[in-house]
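Here is a short briefing for a first look at this protein. Please view the sequence and the model together.

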Amino acid sequence: MLGKLDRELAFVQNALDLRARRQELLAANIANADTPNYKARDIDFQSALRSAMGAAGGPLALSRTAAGHIDKSAGSVGGLAEAKYRTVLQPSLDGNTVDTDIERGHFAENAIHYQFLLERARGTFRTISSALESR
C-alpha cells in the first residue's frame with residue numbers, strides 16, 4: 001500500500017516539477033519575443049517524465065560505476081530536463097525564433113496540465129486523510 005502511494009506521489013511530484021520548468025521556459029520565450037537572436041526553447045515533456053520516473057526507481061535506472069562515466073543529469077537544467085531549441089516555422093530577419101501564438105498556446109495548455117496535476121495531488125491527499133480518519 002505504501003509503495004503504491006509512494007509511486008503515485010513521486011509521479012505527481014516529478015510531473016509538477018517538469019510542468020513548472022516548462023512553464024518557466026515558455027514564459028521566457030514569450031518575454032523575449034522581441035529580443036533579436038533569441039532562440040525559443042522547450043522540453044519534451046513526455047520523454048523527460050519517462051526519464052524522471054525511470055531515474056526515480058524504475059527497472060532501467062542508470063548508475064555511475066566509474067568516475068569517467070557521464071552523469072545522467074549532465075546537460076539538463078536543474079537536473080529535470082534538457083531544454084532544446086524549438087524548430088523554426090517562420091524565421092524572422094533579426095534571428096528571433098519565437099512565434100508568440102504558438103508559445104501562448106503551449107503556455108495555456110501547460111497551465112491546464114499543471115492545474116490537473118495539482119487537483120490529482122489534492123485528491124490523493126484527501127484519500128489519505130479519509131483513510132486515516134476512518135481508523
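Leaving aside neighbours within four places in sequence, which residues is R41 in contact with? They are R21, L25, N29, A83, K84, Y85 and R86. Keep in mind that this is a predicted model. The points below start with the whole chain and then move to single residues.

**The chain as a whole**

- The protein chain has three helices and two strands.
- Read from the N terminus, these elements follow the order α-β-α-β-α.
- The chain holds 135 residues, and 24% of them are buried.
- Among contacts with a separation of 6 or more, 79% join residues 24 or more positions apart.
- The chain has an accessible surface of about 9300 Å². Carbon and sulfur atoms account for 56% of that surface.

**An annotated stretch**

- UniProt, in an unreviewed entry, lists residues 13–39 as "domain: Flagellar basal body rod protein N-terminal".
- In the model, residues 13–39 are 70% helix and 0% strand.
- The C-alpha atoms at the two ends of this stretch are 29 Å apart.

**Helix α1**

- α1 has 30 residues. From first C-alpha to last, α1 reaches 43 Å, close to the 44 Å expected at 1.5 Å a residue.
- The buried residues of α1 include nonpolar ones such as V12, A15, L16, L18, L25 and L26. N14, R19, R21, R22, Q23 and N29 are also on the buried list.
- R22 is one residue to look at in helix α1. R22 counts as buried because its relative accessibility is 8%, and buried means under 20%.
- The side chain of R22 makes a polar contact with the side chain of D42, at 2.8 Å.
- Beyond its neighbours within four places in sequence, R22 is in contact with D42, I43, H106 and N110.

**Helix α3**

- α3 has 34 residues and reaches 49 Å from its first C-alpha to its last. That is close to the 50 Å expected at 1.5 Å a residue.
- Five residues to find here are E103, N110, L117, A121 and T124, which are buried.
- α1 is part of what covers the buried residues of α3.
- At the start of α3, a side-chain oxygen of D99 comes to within 3.2 Å of the backbone nitrogen of D101.

**The largest nonpolar core**

- In soluble globular proteins, nonpolar side chains tend to be buried together.
- The largest nonpolar core in this model has 14 residues. A15, L18, I43, F45, L49 and A81 touch the most other members.
- α1 (2–31), α2 (45–55) and α3 (100–133) each supply at least two residues of this core. The largest share, five residues, comes from α1.
- L49 is in contact with F11, N14, A15 and L18, leaving aside neighbours within four places in sequence.

**A48 in helix α2**

- Find A48 in helix α2. Is A48 buried or exposed? A48 counts as buried, at 8% relative accessibility.
- A48 and N14 are 34 residues apart along the chain, and their C-alpha atoms are separated by 9.3 Å.
- With neighbours within four places in sequence set aside, A48 is in contact with L18 and A81.

**R41 in strand β1**

- R41 sits in strand β1, which covers residues 41–42.
- R41 is partly exposed, with a relative accessible area of 26%.
- R41 and A83 are 42 residues apart in sequence, yet 5.9 Å apart in space, C-alpha to C-alpha. A83 is also one of the contacts of R41.

**T97 in a loop**

- T97 lies in the loop between β2 (84–85) and α3.
- T97 is buried because its relative accessible area is 15%, and the cut-off for buried is under 20%.
- The side chain of T97 reaches the backbone nitrogen of A40 at 2.7 Å.
- Not counting residues up to four places away in sequence, T97 touches Y38, K39, A40 and V88.

How values were computed. Residues numbered from 1 in each chain as written. Predicted model: local features only at pLDDT ≥ 70, side-chain atom pairs only at ≥ 80, totals over all residues. Heavy atoms only, no water. Core = buried A, V, L, I, M, F, W, Y, C linked by side-chain atoms within 4.5 Å. Buried < 20%, exposed > 50% of the residue type's maximum accessible area, 1.4 Å probe, protein only. Helix = DSSP H or I, 4+ residues; strand = E, 2+ residues; numbered from the N terminus. Contact = heavy atoms within 4.5 Å. Polar contact = N/O pair within 3.5 Å; in protein donor to acceptor, adjacent residues only side chain to side chain. Areas by Shrake-Rupley, 256 points an atom, 1.4 Å probe, with all protein chains shown as cover. UniProt positions renumbered as here; feature names shortened; annotations may be inferred. Expected span 1.5 Å × (residues − 1).
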